[in-house]
Amino acid sequence: MSAFLEVKDLCVSFPTEDGVVRAVDNLSFTLEKGKTLGIVGESGSGKSVTSLAILGLHKGSSAHVTGEILIDGQDINAMAENEVQSLRGNLMSMIFQDALAALHPYYTVGNQIEEAYLVHNKVSKAVAKKRAIEMLDRVGIPDPHKRVDDYPHQFSGGMRQRAMIAMALSCNPSLLIADEPTTALDVTVQAQIIDLLRDLQKEFNTAIILITHDLGVVSETADDILLMYAGKEIEFGTVREILQKPHHPYAWGLLSSIPRLTGNPDKALAAIPGTPPSLISVPSGCAFHPRCSYVSRVGQACSASIPELAPTSAGAHHLVRCHLDSTIRENIFNSEVAPNL
Amino acid sequence: MFSYLLRRLVSGTVVLGIVSAIVFGIFFILPADPARLSCGKTCSEELIVKIRHTLELDQTLPVQYGRFIKGIFVGRTYLKGTPAELNCTAPCLGYSFQTDQPVTALLKDRLPATASIAFGASILWLLIGLSSGIVSALRRGTWIDKFSQGVALGAASLQIYFVGLVLQFIFVNKLAWLPAPGYSSPLHYPVDWVKQMALPWITLAFLLSAIYSRLTRAGMIEIMGEDYVRTARAKGLSNRTINMKHVLRGAITPIVTVFGLDLGGLLGGAVITEYVFNIPGLGKLSTDAVANLDLPVITGTVIFSAVFIIVANILVDLLYAVLDPKVRIQ
C-alpha cells in the first residue's frame, strides 16, 4: 500500500538572468490521510515552491519541475495542465499566508467560495451559495448568511483566514496545503485557526501540509516534521523526535533561538550566525556548513560532499542529512545544546 | 452617497465659477475692444459707443460679470425698454460677434457633431485598445505582443494632424472610398453619418487605442502577479476564467478612470480632429472663435467644455465606488 501523498525526488529550478535557481533539490517525503506534515524552514528554503509544485502551479511558468508527485497514485507532475486543473481545489487545495492579498478585493467572500464550489460541482448558483453559507458557518463566521455578501476588506484578519479555509475546504479536498496560515495573525487568533484546522482535519480526514517557520505552530498540529534548508530536506521525523531530540545542527540552532518565558531575560537570545545562502550559488558540500558551529569536528567533508539523508539512531523513520557521526551528534546535543534549551 | 454627490456638485459649481471668471476676464485683458470687434470693418466712433452701450460694456467689470452669470441662470435682456429690446433666454451666453447668433444656439448646433466623434471613436478605441492589450498581456514576450506594442508605441507617438491628413489623402483623395469627412444627422442620414465620421473615428481611435492597449497590458500583467490570481488558480479555475474574470476585473478600474476623463474632455470639443477634418463641432467652433476673437463664443465654449470635464470627473468618482468596493463614499 503506497502512501496517499508521495513526493519522490522533487526538483524545482528557475532559470534567471543570474543563473539557475535550484529552489527545491531532490525532495522526497510521504503523507497519509488524516495526518499533518509540517514543513519548516527559513524564507527561501523551498517550502512554498514545494507546495506550489504539489498543486501543479508551476505549470505554464518558467520553472523546471522533475520528479514524481503521486496523490492517490496519480502523478501530478506528469499530468497536463487541464487535468491538474480539475484536481485543484477538488482533490487538493491550498490556503495562503496573507488572506487579504489572497482574496480578490472586488468580489464578495461568498462569490469567491461559490466559484470554488461551482467549478467542481454541477449545481445551481443558489445551491453554491447555500454551500458557501454552510462553509462560513462551519469555520465559525458569525451571521454567515449576512457576511456571505461582504467583501474581504470588511472581514477581520482572522475571519479572512477562516473564509480562505472555508473556500479551500468547500469541495472536501483530501489534501490541504496551508502555507503559513497563521503568520499574519494575532497570537490568540493563530490559536483559533490552528484549532479550527485540527477540528476540520478530524471531521474530513484531510491530509494537511503545514508550511511554516514557526516551530510553536508545528508542535501543536503536526505529526511529522520536514526540515528544509536551501532547497534540501535536512531532517525528517516525528514532532516528538525533532523537537525533543533533533539531530541536525540547524535544528539545534532553531530550537535554541526560541525565546522562553522561563529563561533569563538578561541573556541574549541565541541566533544562528550568517544568513540563508543564495540559491544561485549554494555553498559546496552541506549547504549549511558556512553557518554551522560544528564543522571543525568533521573536517573537510562538510564543504566537500553533500551528506546523505540517513536514518539516525532513533530508527529508520528519523532521517538526517549531516556529516557528524551519529554518536558524536548525540553527545553534542546532550552536553552542549539540550542544557541551554 | 447623496451628500457626497451634493458636495461634488457644489465644488464643481465653484470650479465653474472660477473658470467663467477667468475666461470672462479675457474681455478686459486682451488688447482688443469687444465693441470694435463686434462692429465690423466699416465702423464709426459713434457706432462703437452705441454698441458699447448695447453690450453693456460701459458698466463696471463686476456688474458685467454679474449680469453674465445671471444670464446663464435666468436669461437677460439687452437694451431694455428700447424698441430694439433683445431678449436672450436662459442659459444666455451672449451673442456671437461674427454671426450675431446666440452662443447657446451655436453650442447646441455643434454638439451633435462633437458627440458623434467622441462616442464613435471611444467605442472603437476601447474595442481595439482593450483587446490588443489583453492579447499582449496573455501572450507576453511573443511576436504578437511585440508587434502590437510596437504599433502602439508608434501610434501613440504620432499626431492627429499627421495621421488624419495621411488617411484623408489615401481614402478620400486617392482611392475615393470615402466622402470628405463632415457631419450629417445620424437620424436622417445614418449611412452618410458613418461614412463621413469614419476617418475621424479611425484617426482618434488609432492614437487613443495605443494608450489604452499599453494601459491594459501593463494593468493585466501587474494583476497577474497578485496573490489572488494564484488563489484563483489554486481553486481549479480555467485560465480563461482567471484572465477574463479575476485579472481583467482587477485591471479595469484605472482604465475606466482614464476613459471617463478622455471622453469628458473630447465632448468639450475634439479640437484637433475637428480642425483637421473640418467638422463643424464644438472644437471647430472654439478654434474659429479664437481666430476671430469672437469673445462670447470663446467664453461659451470654454465654460461648456469645463462643464463636461467636471461632470466626467464626478461620474468617474461615482463609478469608482461601484467598481472598487473598498471605496465607500461617505
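**View 1. A230(A), a buried residue with a positive phi.** With 24 C-beta neighbours inside 10 Å, A230(A) counts as buried, because the cut-off for that label is 20 or more. This is a predicted model, so read the close-ups with that in mind. A230(A) sits in the loop that joins strand 9 (224–229) to strand 10 (232–238) of chain A. Its phi is positive, about 50°, even though A230(A) is not a glycine.

**View 2. N205(A), another non-glycine residue with a positive phi.** Here we're looking at the loop between helix 8 (187–204) and strand 8 (207–212) of chain A, where N205(A) is found. The phi of N205(A) comes out at about 55°, positive despite the residue not being a glycine. As for its surroundings, N205(A) has 14 other C-beta atoms within 10 Å and is partly exposed. That label applies because 14 falls between the limits of 12 or fewer for exposed and 20 or more for buried.

**View 3. Where chain B meets chain A.** On this contact, 17 residues of chain B touch 23 residues of chain A. Two helices of chain B, helix 9 (227–234) and helix 10 (239–267), each put at least two residues into the side of chain B that touches chain A. Helix 9 of chain B gives the largest share of that side, with six residues. Sorted by character, the chain B residues on the side that touches chain A come out as eight charged, five polar and four nonpolar.

**View 4. The annotated span of chain B, residues 111–320.** UniProt, in an unreviewed entry, labels residues 111–320 of chain B "domain: ABC transmembrane type-1". In the model, that span is 82% helix and 0% strand. Look for the two ends of residues 111–320 of chain B: their C-alpha atoms lie 27 Å apart.

**View 5. Stepping back to chain B as a whole.** Chain B carries 13 helices along with two strands. Taken along the principal axes, the C-alpha atoms of chain B fill a box of roughly 85 × 60 × 40 Å. Of its 330 residues, 36% count as buried. Among contacts in chain B with a separation of 6 or more, 65% come from residues 24 or more positions apart.

Terms used. Residues numbered from 1 in each chain as written. Chains lettered and ligands numbered in written order. Predicted model: local features only at pLDDT ≥ 70, side-chain atom pairs only at ≥ 80, totals over all residues. Helix = DSSP H or I, 4+ residues; strand = E, 2+ residues; numbered from the N terminus. Contact = placed C-beta atoms within 7 Å. UniProt positions renumbered as here; feature names shortened; annotations may be inferred. Nonpolar A, V, L, I, M, F, W, Y, C, P; charged D, E, K, R; others polar.
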